[in-house]
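Colleague: Could you walk me through this one and tell me what stands behind each label you use?
Modeller: Gladly; let us look at it together.

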Amino acid sequence: MNEEIDLVKLEQATFRTANQDGLTEFWMGLMISALAILLVETISVVIIALLIVFQAVYIEKMKARFTYPRIGKVKLRGENEMPPGYGWVLAIFIMLPAIASVMISSRYENDILLLIARWAPLLFGIGLAQPAAYFVERSGLNRYYGIGVASILLGLVLSLLEFTTPVYRMTLYMALVGILFILAGVTSLVRFVRKYPILDLEEVSDEQDR
Amino acid sequence: MSKIDDADSGQEIDRIIHEPARLRIMAQLYVVDSADFIFLMTQLGMTWGNLSSHMTKLEDAEYIEVQKEFLNKKPRTILKLTQNGRKAFMKYRKTMDQVFKGIPD
């Protein structure tokens, strides 16, 4: 009997149950898509700011509508805290310069800047490996590694292909990744809604009392 | 508080937690910050009545705290382990480890 492992598995099972609605993937997809638009249309910085500011409110409203009436509400440990670890810091330090290099390369011609901008999709994909690893650790599902690997491979392929400007390459990459996340989120949400009917606690309790 | 003496190990087994359904509730609440009644029902596969009766016993022992809130005008019962409950659960785990320690494979 290994109580330690059982508790870890129980925590992972709880995380899987709480996140099977696909809203996290959907939100990540929206963020990445908004970043893609930002590369060609700077006005989308307003959309990104709104997404970040109202993230907690929107997700809570979506969960109140779709998730809580079906599987109930659970507050996971540390869910409102920034996940610890150097991996996140490293991911941000890889992804931000990658996006910045693409944006700046359209205004200033510089060989090093253009080189970083060319490989920006691959760098961004490497950065996305960190959230993938985080989800594997929290859920115990190795399939999240697939998201990380797919992001890196897509980044590598697009970095190798020729585009007229780095902006087009990166925009296409982020749009594809964003749409994939949104599709994954919507698919999970539809499956979740079909799998779990809305529970009415009052009805359930009345039935038990009879 | 209800306890069982284990003469051989010299440890007391907490009977409140020792009951399988309550042990599962305690373990589930141990790995989260809080959970509502519906979540525990679906996650543990327990009926409303069963969960309700065990919830009352755990609340009486001050191992869990129960809060009522309204979501979309519907009442919702939130359960959370108290500090006492967390300590009691850890103590129970240690006690059970001690109990099984000397038993040969």
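**A sheet, some salt bridges and two cores**

Modeller: An open sheet is built from 4 strands in the order β1(A)-β3(B)-β5(B)-β4(B), with antiparallel pairing. This is a predicted model, in which local features need pLDDT of at least 70 and side-chain atom pairs count only at pLDDT 80 or more, while totals for chains, interfaces and linings use all residues. Residues are numbered from 1 along each chain as its sequence is written, chains are lettered from A and ligands numbered from 1 in the order in which they are written, and side-chain values use heavy atoms, without hydrogens and water.

Colleague: What makes β1 of chain A and β4 of chain B edge strands?
Modeller: Each of them pairs on one side only. Strands here are DSSP runs (E, at least two residues; helices are H or I runs of at least four), numbered from the N terminus. The twist from one strand to the next averages 20°, where axes are lines fitted to C-alpha atoms, for helices over the stretch in contact, and angles between N-to-C directions run from 0 to 180 degrees.

Colleague: How do you know that β1(A) and β3(B) pair?
Modeller: Two strands pair if DSSP finds at least two bridges between them. β1(A) and β3(B) are joined by 3 bridges, so the pair meets that definition. Within it, Val74(A) stands opposite Ala35(B).

Colleague: Why is the contact of Lys75(A) with Asp33(B) called a salt bridge?
Modeller: The term asks for a side-chain nitrogen of Lys or Arg within 4 Å of a carboxyl oxygen of Asp or Glu. For Lys75(A) and Asp33(B) the closest N and O atoms are 3.7 Å apart, so the name applies. Lys75(A) lies in strand β1 of chain A and Asp33(B) in strand β3 of chain B, so this salt bridge joins two chains.

Colleague: And why is Lys75(A) called partly exposed?
Modeller: Buried means under 20% relative accessible area, exposed over 50%, and partly exposed in between (1.4 Å probe, protein chains only). Lys75(A) has 33%, so it counts as partly exposed. Asp33(B), at 25%, is partly exposed too.

Colleague: What is the N to O distance in the salt bridge of Glu162(A) and Arg118(A)?
Modeller: It is 3.1 Å. The two residues are 44 apart in the chain, Glu162(A) being in the loop between α8 and α9 and Arg118(A) in helix α6. Glu162(A) is exposed because its relative accessible area is 62%, whereas Arg118(A) is partly exposed at 22%. Asp21(A) and Lys63(A) also form a salt bridge, at 2.8 Å, and both are buried. The structure holds 7 salt bridges over all chains.

Colleague: Why are α4(A) and α3(B) called oblique?
Modeller: Angles under 35 degrees count as roughly parallel, over 145 as roughly antiparallel, 65 to 115 as roughly perpendicular, and the rest as oblique. The axes of α4(A) and α3(B) cross at roughly 60° and come within 7 Å, and the two helices are therefore oblique. Tyr68(A), Arg70(A) and Ile71(A) meet Ile38(B), Phe39(B) and Thr42(B) there, contact being heavy atoms within 4.5 Å.

Colleague: Which residues touch the most other members of the largest nonpolar core?
Modeller: Leu29(B) and Tyr63(B) do, in a core of 40 residues. Such a core is a set of buried Ala, Val, Leu, Ile, Met, Phe, Trp, Tyr and Cys residues joined through side-chain atoms within 4.5 Å. Helix α2 of chain B gives the largest share, 6 residues. A second, separate core has 25 residues, among them Leu51(A) and Phe181(A).
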